[in-house]
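This report introduces a structure to a reader who has not met it before. The sequence and the model are shown first, and the description follows.

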Amino acid sequence: MKGLIQRVKHAKVEVSSESVGAIDHGILLLLGVEATDTEETANKLLHKVLHYRIFSDDQGKMNLNVQQAGGGLLVVSQFTLVADTGKGLRPSFSRGATPAQAEALYEYFLAQARGKIAAGCPVAGGQFAADMQVSLCNDGPVTFLLEA
């Protein structure tokens, strides 16, 4: 499981020009699910996402996690993150989970995030397998690729 996290001032995801998820400052997580991933993998990645220190403290150092910073979490499924791009000029998606497995783990991840994030820190999601338009204001820019 791979997660591309971006520290954002705001982010939203739309499907057919309708907002399906949005946050103010926090983390936009693009989530890729591989065929070998399990609920345990999702739990490990969620722990990293919620505790990764990418927000500035009073001295301007990245010492705070999203919860300490009072930020939100927007989770968007993105199967292209698990593509194999090592050969040729066309990505291979053989590492990716089946749509049913990926959707189940995506929904599991969202449910776990909602249950574990600090009060006052909103959690929002995209719409699995939809043609989504994601807009954001990357703060920094700060972007990290996390793997479970």
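## The hairpin of β1 and β2

Strands β1 and β2 form a hairpin that leaves two residues between them, and Ser16 in the turn has a positive phi of about 50 degrees. The model described here is predicted. The two strands run antiparallel and are joined by five bridges, with β2 comprising residues 18-23. Val15 stands opposite Glu18 of β2.

## Other partners of β1

Strand β1 also pairs with β3 in the antiparallel sense, over seven bridges. Within this pairing, Gly3 is placed opposite Leu31 of β3. A further antiparallel pairing, over twelve bridges, links β1 with β8. Here the bridge partner of Gly3 is Leu146 in β8. Gly3 therefore has a place in both pairings of β1, opposite Leu31 of β3 and Leu146 of β8.

## Strand β6 and its surroundings

How many residues of β6 are buried? Six of the six are, so the strand is largely enclosed by the rest of the structure. In a regular strand the side chains alternate between the two faces of the sheet. In β6 both faces are covered: Gly72, Leu74 and Val76 are buried on one side, and Leu73, Val75 and Ser77 are buried on the other.

Strand β6 pairs with β3 in the parallel sense over six bridges. Leu30 stands opposite Val76 of β6 in this pairing. Three bridges also join β6 to β7 (residues 123-125), again in a parallel arrangement. There, Leu74 has Ala124 of β7 opposite to it.

## Gly71, in the loop before β6

Gly71 lies in the loop between β5 (62-64) and β6. Its relative accessible area is 0%, so Gly71 counts as buried. When neighbours within four places in sequence are left aside, Gly71 is in contact with His25, Gly26, Val66, Ile117, Cys121 and Pro122. Gln133, by contrast, is 62 residues from Gly71 in sequence, and the two C-alpha atoms are 21 Å apart in space.

## Helix α1

Helix α1 consists of 13 residues, 39-51. At 1.5 Å a residue the helix should span 18 Å, and its end C-alpha atoms are indeed 18 Å apart, which agrees. At the start of α1, a side-chain oxygen of Thr38 comes to within 3.2 Å of the backbone nitrogen of Glu40.

Which residues of α1 are buried? They are Thr41, Ala42, Leu45, Leu46, Val49 and Leu50. These residues cover an arc of only 155 degrees around the axis, which means that they lie on the same side of α1. An α-helix has 3.6 residues a turn, so residues three or four places apart point the same way. What covers the buried residues of α1 includes the strands β1 (2-15), β3 (26-32), β6 (72-77) and β8 (132-147), together with the helix α2 (99-116).

## Arg7 and Ile54

Arg7 is placed in strand β1. With a relative accessible area of 9%, Arg7 is buried. The side chain of Arg7 reaches the backbone oxygen of Ile54 at 2.8 Å. Not counting residues up to four places away in sequence, Arg7 touches Ile54 and several others, including Gly26, Phe55, Met62, Asp139 and Val142.

Ile54 itself is found in the loop between α1 and β4. Is this residue buried or exposed? At 0% relative accessibility, Ile54 counts as buried. Outside the four nearest places in sequence, the residues that Ile54 touches are Ile5, Arg7, Ile27, Met62, Leu64, Val142 and Phe144. The C-alpha atoms of Ile54 and Ser77 are separated by 21 Å, although these residues are 23 residues apart along the chain.

## An aromatic pair

Rings of Phe, Tyr and Trp pair if their centres lie within 6.5 Å. By this rule the count comes to three aromatic pairs. One of them, formed by Tyr52 and Phe144, is edge-to-face, with 5.5 Å from centre to centre and 65 degrees between the planes. Tyr52 lies in the loop between α1 and β4 (55-56) and Phe144 in strand β8, so the pair ties together parts that are 92 residues apart in sequence.

Tyr52 counts as partly exposed, at 32% relative accessibility. Phe144 is likewise partly exposed, with a relative accessible area of 28%.

Note on methods
Residues are numbered from 1 along each chain as its sequence is written. This is a predicted model: local features need pLDDT of at least 70, side-chain atom pairs count only at pLDDT 80 or more; totals for chains, interfaces and linings use all residues. Side-chain values use heavy atoms; hydrogens and water are left out. Helices (H or I, at least four residues) and strands (E, at least two) are DSSP runs, numbered from the N terminus. The expected span of a helix is 1.5 Å times one less than its number of residues. Buried means under 20% relative accessible area, exposed over 50%, partly exposed in between (1.4 Å probe, protein chains only). The arc is that of the directions from the helix axis to the C-beta atoms. Contact means heavy atoms within 4.5 Å. A polar contact is a pair of N or O atoms within 3.5 Å; within protein, one must be able to donate a hydrogen and the other to accept it, and residues adjacent in sequence count only if both atoms are side-chain atoms. Rings of Phe, Tyr and Trp (its six-membered ring) pair if their centres lie within 6.5 Å; planes under 30 degrees apart count as stacked, over 60 as edge-to-face and the rest as tilted.
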